[in-house]
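Colleague: Please take a close look at the salt bridges of this model, and set them in the context of the whole chain. Kindly state the cut-offs behind each term as it arises.

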Amino acid sequence: MNSAMHTAAQGAQVFGYVLILLAGVACVAGLIWAFRLGFKVRQGEPDPPRPDEQPRVPASGPVRETLEMREPDEMPRAADDSERLTPYQIGNVRSRRADDQRRPRWSPGSSGSFGGGGGGRT
């Protein structure tokens, strides 16, 4: 290997090192910029609430969860069988309190779930 090829190879190797160093400096500069931007945004936000500004339990005591059985309201019917209702005609799905408030249980002899491996109803 002659000295000209050795010098050319060494120059390309130095260029690669300088390129990697510049890429590293650019990454560090980007991280510092992102940190400073986040810090400025955080300073613009309101302070967290003080202990005296926290919500309080009502005088009647804590609100408890209520369990009740619900059943859907009837679906609106079309004027004739050839008409089709669109979603805006149906509206939101509403429900009402069910007359029977007992929790549904599995029927005796049923497997309990689809593919549960039980014998099913016989």
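Modeller: The answer below moves from the whole protein to its salt bridges, then to one strand residue and a surface patch.

This is a predicted model, in which local features need pLDDT of at least 70 and side-chain atom pairs count only at pLDDT 80 or more, while totals for chains, interfaces and linings use all residues. Residues are numbered from 1 along each chain as its sequence is written, and side-chain values use heavy atoms, with hydrogens and water left out.

The protein has 2 helices and 2 strands, arranged α-β-α-β from the N terminus on. Here helices (H or I, at least four residues) and strands (E, at least two) are DSSP runs, numbered from the N terminus. Of the 122 residues in the protein, 2% are buried; buried means under 20% relative accessible area, exposed means over 50%, and partly exposed lies in between (1.4 Å probe, protein chains only). The protein exposes about 12,000 Å², of which carbon and sulfur atoms supply 59%; such areas come from the Shrake-Rupley method with a 1.4 Å probe, and for residues only the protein chains shown count as cover. Contact means heavy atoms within 4.5 Å. Among contacts between residues at least 6 apart in sequence, 47% join residues at least 24 apart.

The structure holds 7 salt bridges, each being a side-chain nitrogen of Lys or Arg within 4 Å of a carboxyl oxygen of Asp or Glu. R50, D52 and E53 are linked in a network of such bridges. Within this network, R50 meets D52 at 3.4 Å, N to O, and the closest N and O atoms of R50 and E53 are 3.2 Å apart. R50 counts as partly exposed because its relative accessible area is 48%, and E53 is likewise partly exposed, at 45%.

Another salt bridge joins R97 and E68 (3.2 Å, N to O). This pair links distant parts of the chain, 29 residues apart: R97 belongs to strand 2 (residues 95–97), and E68 to the loop between helix 1 and strand 1 (70–72). Both partners are partly exposed, R97 with a relative accessibility of 49% and E68 with 34%.

S95 is also placed in strand 2. Its relative accessible area is 36%, so S95 is partly exposed. Beyond its neighbours within four places in sequence, S95 is in contact with R70, E71, P72 and D73. From S95 to M69 the C-alpha distance is 10.0 Å, across a sequence separation of 26 residues.

The uncharged side of the surface completes the account. V14, V18 and L22 make a nonpolar surface patch of about 260 Å². Patches are made of residues with over 30% relative accessible area and no salt bridge, with like charges joined within 9 Å and nonpolar side chains (Val, Leu, Ile, Met, Phe, Trp, Tyr) within 5 Å. V14 lies in helix 1 (residues 3–44) and is partly exposed, with a relative accessible area of 45%.
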